Amino acid sequence: MEMMLAVSPYNQLALSGAGPVRDIKIFDTTLRDGEQAPGIALSPEDKVRIALALDDLGVDFIEAGFAASGKAERDVISKLSGMGLSARLCSLARAVRPDIDAAADAGVDYVHTFIATSELHMRYKLKMTPDEVVARAVDTVEYARERGLEVQFSCEDATRSDMGFMKRVVSEVQKAGASAINIPDTVGVIIPQAMGAVVKGIREAVSIPISVHCHNDMGLAVANTMAAIDAGATICHVCMNGIGERAGNASLEEVALNLFANYRVQTVDLGKIGATSKIVERVTGFALAGNKPIVGRNAFAHESGIHVHGVMSNTSTYEPFLPELVGVDRQIVIGKHSGAHSVRGRLDALGVRFPDDHMPELMEAVKDIAVGGKMIDDAELVAIVDNVLRKKETGSHSVALDELTVLTGKNTTSTATVSVVLADGSRSTVSEIGVGPVDAAINAIRKAINDEITMEEYKLSAITGKSDSICEVTVMLKNVGGDGALSVGKAVGLDIVETSVDATMAAINRDFARRRD
Ligand code: KIV
Ligand code: ZN
């Protein structure tokens, strides 16, 4: 495991903390706060699928939803409660008795209840006095205990609440029987140094475990969670892929990895992070940004020549930890910034032999295709290699295409103009129409060469089936004016018309070469 990490040596010097960090509990709220992300609406089957994945990952708590929000939610929480998951199942509840009843009736034995403690929320949202808030908090916790529930209590908007008042609230709810106090940074407004101070402040008022729940509005959710843990919090609320209200919650995978990398604290089964992230992405329909740490598609993708070279000789040069630690794959991307080293490495990995002396042509072909930012995948690279080798085999061209212009559109007759330099050096420029741009272009070439070539077969395929995929065109021409022989031409490229024309030119040159030999 040690070899898998290459984090900064300064981290250990900086981590002063409030004592040794160990036994941190992961309280996953993907199914509750995560589902509150605009655009996510999970069906009961979706919730079961995600809960199973989270359980398999090894989280300690699963906040499965908000039982009081409706029958369907209660039913799915009930179903999950009966599934014998290893994780402790929890429902959210406002600090009102009917919400506690809904949670208890859904079959959970753990409830997360909350009431706002900031002046702002108490005055404008709750329209309650601080004394009323304390009384409601205490009543709710006592009632939940009577109903047989273990209680985690949240001071909503804690990071904008008066510390003296929060201390009063939390010590009262501890007396009422709460077993953990959660400190939510509800609007993601605190900074790590201050979060540490808030946790230390609350720890002075209670002896029960402290939990944190950090939102990412200012991009500090994970940093704040880590600061809270360093200051003595032992439960962290997180969501897989960092989903959640607005800018989301602290991401499970980032917190778990930081705990492991900097404190050697193993929470979840790190090797299952990649797969779990994919399940959550697919089921929620919430697509990950390519640059999402740990699980984004670029997190272990290397394209630039310098980086690929470095990673190939020692992965730590440009990777803080090995991708296998978190169950994802490294990708050496072939694109605009790739060097010959990357392409050669990729070909070797694929078992494709390619002569060194043709490498410059291959690199030129790769750059031509990658120029618009396209990433070339394995299947496409193999097609490009074939194309380069094919061109080499065909040798010098008898006929060369110099210019191609195609005019096409809706309710327009497709027209192509080509200028071809013939074997004797003369130039033939012609225009032709066709049923589409490809047909018009090929008709124009046939006419420019000689009209006695017919197209016997035309095959077009996309190498990877994506809309920006390289296409491959195969044409079969018949020399009907001569000996009636067939010649085949192939080409690959990004543009269907250009590639069709290249394939046609390849077939024509094959025919010329055959007749010359
Ligand atoms: O962000 C928040 O404050 C919450 C509460 C329900 C704890 O999600
Ligand atoms: Zn929240």
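**One pocket, one ligand**

Reader: What makes the lining of the largest pocket draw on domain 2 and domain 3?

Author: Each of domain 2 (301-389) and domain 3 (395-516) gives the lining at least three residues. The model is predicted: local features need pLDDT of at least 70, side-chain atom pairs count only at pLDDT 80 or more, and totals for chains, interfaces and linings use all residues. Residues are numbered from 1 along each chain as written, chains are lettered from A and ligands numbered from 1 in written order, and side-chain values use heavy atoms, without hydrogens or water.

Reader: How do you know where domain 1 and the other domains begin and end?

Author: The bounds come from an automatic or database domain assignment. That gives domain 1 (24-284), domain 2 (301-389) and domain 3 (395-516). The C-alpha centres of domain 1 and domain 3 are 64 Å apart.

Reader: Why is this space called a pocket?

Author: On a 1 Å grid over the protein atoms alone, a pocket is an open set of points where a 1.4 Å probe fits, with protein on both sides within 12 Å along at least five of seven lines. The largest pocket holds about 790 Å³. Its lining has 30 residues, and Asn387, Lys391, Ala491, Val492 and Asp502 are closest to the centre. A residue counts as lining because it has an atom within 4 Å of a point.

Reader: Which helix gives the largest share of that lining?

Author: H16 does, with 7 residues. Helices (H or I, at least four residues) and strands (E, at least two) are DSSP runs, numbered from the N terminus. H16 spans 378-394.

Reader: Which residues surround ligand 1?

Author: Arg32, Asp33, Leu92, His112, Phe114, Ser154, Glu156, Pro184, Thr186, His213 and His215. A residue is near a molecule if one of its heavy atoms lies within 4 Å of it. So these residues count as near ligand 1.

Reader: What makes the pairing of aspartate 33 and ligand 1 a polar contact?

Author: The cut-off is a pair of N or O atoms within 3.5 Å. A polar side-chain atom of aspartate 33 is 3.0 Å from an oxygen atom of ligand 1, so the pair qualifies. Histidine 215 also has a polar side-chain atom 3.0 Å from a ligand 1 oxygen.

Conventions:
Points joined across faces, edges and corners; volume = space filled by probe spheres on them. Polar contact = N/O pair within 3.5 Å; in protein donor to acceptor, adjacent residues only side chain to side chain.
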